[in-house]
Amino acid sequence: MYGQLLKDVIIMANKYEQLADILREHIRLGTYQEGDAIPSEATLQEEFQFSRHTVRQAIAVLVNEGYLRKERGSGTYVSKPASLNQPSRKTIGIMMTYLSDYIFPSIMRGVEQTLREQGYSLLLGSTNNDHEQERACLQQMMDQGVDGLIVEPTKSNQYNPNLAYYAALKESGIPVVMINAYYEELELPHICVNDTKSGFLATDQLLQQGHSHLMMITKIDDLQGKYRLKGFVKALTNAKCTFAAEDVLTYTTQTKEDVIKQATAQLMEADNQVTGVVCYNDEIAQRLIQELTAAGKRVPEDVSIIGNDDSPLSTLSVPAITTLTHPKEAMGELAAQWVITGKSADTDAFYFEPDLIVRDSATKYKGV
């Protein structure tokens, strides 16, 4: 069971360290008693889908630590009882929608540095913003007996069939901290950016630059998109501007490419009046810039575009994207501090205030 779940959802910095952690936990819990032979290298390779070299590295680590001993021609055996005269190392689980791209590595750096400084080990999981993968990840975390959990919610603006898992974690006293968003049905501490303000600042910037016909592209299955849209509407209302229903484009995790095509098609229409676009994030902004440029539109001369999150994409894009700040590492550090201290009250919430970063993708409206 561990092997398959591990293959699906768990990512560690070094695979051999990951396997060593699992075998060490088996010994600590008494699954492998002193004098027991552990599974053969071939069995461990098959169960965990690791290379022979990785398995041998993990075993070598535990031999050096005194947990195991190798007997030539016989096998590898547990050499210490489960009740080791060493303090157990606490483990914090970290579940993110994605781990390897966009802003997530920066968040992880903040989490990892803080937890490691406090002597905690890390168990990482990725849900790919999918409820089934989230369930498997939660089961893995619970099976591993984590001492706390940092979670970026999966499709936080939709009903989540996994709410019972979080309720069980809370009932058992295991601290859970949400980042970037939260499940509104649960009373759990959360650390977010003020996304309503992000949407407001982006929209207000375009209005101040003289753009009166605006488009919003927002992600509707995540809570951030809901609040960024709220900020968009608030800024337009304050400015006594209206917007057309067809100029608010929404998408989900599965329809990202479709919305880019839809937005491009609308902006290329002969009677299009939109001159400014507020995007859910920098990824959408970059993709829209690429598609419009390929279709013959100039950014920002013909269309001004603003992103969000101040991701690496915002500076790699041509033109560089005007965006909103996201305190990535600071959010990770704070989440790690909260889960260590065991914050659990529903009143425990912190919102980072965003700032506008002016770059080259948005400019003053030049008129006809």
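Mentor: Helices are DSSP runs of H or I with at least four residues, strands are DSSP runs of E with at least two, and both are numbered from the N terminus. This is a predicted model, in which local features need pLDDT of at least 70 and side-chain atom pairs count only at pLDDT 80 or more, while totals for chains, interfaces and linings use all residues. Residues are numbered from 1 along each chain as its sequence is written, and side-chain values use heavy atoms, with hydrogens and water left out.

Trainee: Let us start with the backbone. Where is Gln49 found, and what is its phi?

Mentor: Most residues other than glycine have a negative phi, and most peptide bonds are trans. Gln49 is not a glycine, yet its phi is positive, about 60°. The residue is found in the loop between α3 (41-48) and α4 (52-65). With 48% relative accessibility, Gln49 counts as partly exposed (buried means under 20% relative accessible area, exposed over 50%, partly exposed in between, with a 1.4 Å probe and protein chains only). Asn128, also not a glycine, has a positive phi of about 55°. Asn128 has its place in the loop between β5 (121-126) and α6 (131-144), and at 36% relative accessibility it counts as partly exposed.

Trainee: Which residues does a cis peptide bond join in the loop before β12?

Mentor: The bond is between Val299 and Pro300, with omega about 10°; Pro300 is in the loop between α11 (282-295) and β12. Another cis peptide bond runs from Val318 to Pro319, with omega near 0°. Pro319 belongs to the loop between α12 and β13.

Trainee: Thr322 lies in the loop between α12 and β13 as well. Is Thr322 buried or exposed?

Mentor: Thr322 has 1% relative accessibility and therefore counts as buried. Contact is taken as heavy atoms within 4.5 Å. Leaving aside neighbours within four places in sequence, the contacts of Thr322 include Ile305, Ile306 and Gly307, and also Leu356, Ile357, Val358 and Arg359.

Trainee: Now the sheet. In what order do the four strands of the open sheet stand?

Mentor: Strands of a sheet pair through backbone hydrogen bonds, either parallel or antiparallel. Here the order is β10-β9-β11-β12 and the pairing is parallel, where two strands pair if DSSP finds at least two bridges between them. β10 (248-251) and β12 (304-306) are at the edges with a single partner strand each, so one side of each has no neighbour in the sheet. From one strand to the next, the twist averages 15° (axes are lines fitted to C-alpha atoms, for helices over the stretch in contact, and angles run from 0 to 180 degrees between N-to-C directions). Strand β9 (residues 214-219) is joined to β10 by four bridges, and Met216 is opposite Val248 in β10.

Trainee: Which strands does helix α10 touch?

Mentor: Helix α10 (residues 256-267) packs on the sheet and touches β9, β10 and β11 (276-279). The direction of α10 makes about 160° with that of β10.

Trainee: What should I read off a pair of aromatic rings? And how many aromatic pairs does a search of the whole structure find?

Mentor: A pair is described by the distance of the centres and the angle of the planes. The search finds seven pairs (Phe, Tyr and Trp rings, the six-membered one for Trp, with centres within 6.5 Å; planes under 30 degrees apart are stacked, over 60 edge-to-face, the rest tilted). Tyr98 and Phe104 have ring centres 6.0 Å apart and planes at 50°, so this pair is tilted. Tyr102 and Phe104 also form a tilted pair, at 6.4 Å centre to centre and 55° between the planes. Tyr98, Tyr102 and Phe104 make up one aromatic cluster. Tyr98 is partly exposed at 28%, whereas Tyr102 and Phe104 are both buried.

Trainee: Which residue has its charged end over the ring of Tyr280?

Mentor: That is Arg228, 4.8 Å from the ring centre (NZ of Lys or CZ of Arg must be within 6 Å of the centre and within 35 degrees of the ring normal). Arg24 lies over the face of Tyr67, 5.7 Å from the ring centre.

Trainee: Last, the interior. How many residues has the largest nonpolar core?

Mentor: In soluble globular proteins, nonpolar side chains tend to be buried together. The largest core here has 26 residues (a core is a set of buried Ala, Val, Leu, Ile, Met, Phe, Trp, Tyr and Cys residues joined through side-chain atoms within 4.5 Å). Among those with the most contacts inside it are Ile94, Met96 and Leu115. Elements giving two or more residues include β4 (91-96), α5 (104-117) and α13 (328-341), and α13 supplies the largest share, six residues. A second, separate core of 21 residues includes Ile260, Ala263, Ile289 and Ile305.
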